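This report describes a central strand and its neighbours, and then the surroundings of two ligands. Please look at the sequence and the structure first.

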Amino acid sequence: MSETLSLSSEDLAFLGPYIPPSGPQHSQEPNASSKLPFTSLTYACSLDGRISLAPGTRTALSGPESKSLTHYLRLHHDAILVGVGTAIADNPSLNCRYPGAALEDQPRPVIVDPRARWGRDGEVVRLVGEGKGLEPWVLVGKGVKEAAGLGSGRVEVLTLDAAMAESPHFAWRDVLKSLAMRGIRSVMIEGGASVINDLLANERDLIDAVIVTVAPTWLGEGAVAASPAKSVAAMTDVKWRQFGADAVVCGRLPK
Ligand SMILES: NC(=O)c1ccc[n+]([C@@H]2O[C@H](COP(=O)([O-])OP(=O)(O)OC[C@H]3O[C@@H](n4cnc5c(N)ncnc54)[C@H](O)[C@@H]3O)[C@@H](O)[C@H]2O)c1
Ligand SMILES: Nc1nc(=O)c(N)c(NC[C@H](O)[C@H](O)[C@H](O)COP(=O)(O)O)[nH]1
């Protein structure tokens, strides 16, 4: 299942303080805990803070070394979470391809999709069939009738109450609580822009670690930005390290 390089012992020492406390965790028992999972926010951006060239497109920013970092982090989390915008734009695999990762090491893919927009024939589902990843959980708003077709086969639909403003919105605490109740003790939130920006602007308290890859390029004005609607106090506990051509910054958000 490996497609990535192994990280050096220095890389692992650098990352150590920011990964979930008890390392790989795979006992995904229902009702396991009411405690919120250890939550990491991680993404890659350009020097102008952009995460993809245009809305709805997939843009590779991480080089091979920082891609390995992402897969190492996936190995150390119980779940990976993305918004449906990312699931549709990127058609991601959402599995762990770090050297030595087996099926029992795979994180649970979680797609936040209040209106059940995501199709079920994507890459993440193909990999389930090939034994290279776990069935994704799709978080859908309660009573959304489009969800009916999603549950069959290799996808599990979880329903959650959504606040209805312009668009349905889950409280992030409820999202994390529902994952904890299903035995998830650590979750790596990978994006996309609306997820990152919402969490940074409004839900800093829920984030335990931030790991951002900065690629030495500029995507320009039309690109999608990781930029919260309001300013966020500087991170604490900050460390930087170079992974190939990319810089990786790790830190915590002041509570
Ligand atoms: N460089 C990176 O690290 C990286 C990572 C992930 C995604 N991306 C890019 O980001 C772009 C996608 O970003 P985006 O903002 O369009 O989509 P997104 O992935 O943030 O998904 C947005 C959708 O998710 C749902 N959602 C998000 N938060 C919710 C909440 N609290 N409650 C209910 N529903 C919620 C809503 O349906 C919303 O429309 C793509 O171009 C993708 O390639 C880049
Ligand atoms: N670390 C990182 N570097 C990037 O250059 C990039 N584009 C993403 N994007 C994150 C997003 O979640 C993507 O959808 C998955 O990185 C794709 O995941 P797969 O490799 O298909 O499993 N993440």
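## Strand 5 and its neighbours

Val110 stands opposite Trp137 in strand 5. The model is a predicted one. Val110 belongs to strand 4 (residues 108-112), which pairs with strand 5 in the parallel sense over three bridges. Between strand 4 and strand 5 the chain passes through helix 4 (residues 123-129), and this β-α-β crossover is right-handed. Strand 5 also pairs with strand 6 (residues 156-160), again in the parallel sense, over five bridges. In this pairing Val140 stands opposite Thr159 of strand 6.

Five of the five residues of strand 5 (residues 137-141) are buried, so the strand is largely enclosed by the rest of the structure. In a regular strand the side chains alternate between the two faces of the sheet. Both faces of strand 5 are covered: Trp137, Leu139 and Gly141 are buried on one side, and Val138 and Val140 are buried on the other.

## The ligand shells

Around ligand 1 there are 30 residues, of which Gly83, Gly85, Thr86, Gly191 and Gly192 come nearest. Helix 3 gives the most to this shell, with five residues. Ligand 2 has 16 residues around it, and Ala44, Ser62, Asp90, Pro92 and Ser93 come nearest. Two or more residues of the ligand 2 shell come from each of strand 1 (38-45), helix 3 (84-90) and strand 9 (186-191). The table gives the make-up of the shells.

| Shell | Nonpolar | Polar | Charged |
|---|---|---|---|
| Ligand 1 | 16 residues | ten residues | four residues |
| Ligand 2 | seven residues | seven residues | two residues |

Conventions: Residues numbered from 1 in each chain as written. Chains lettered and ligands numbered in written order. Predicted model: local features only at pLDDT ≥ 70, side-chain atom pairs only at ≥ 80, totals over all residues. Near = placed C-beta within 6 Å. Helix = DSSP H or I, 4+ residues; strand = E, 2+ residues; numbered from the N terminus. Nonpolar A, V, L, I, M, F, W, Y, C, P; charged D, E, K, R; others polar. Buried ≥ 20, exposed ≤ 12 C-beta atoms within 10 Å, placed from the backbone. Pairing = 2+ DSSP bridges. Right-handed = clockwise from strand over helix to strand, strands pointing away.
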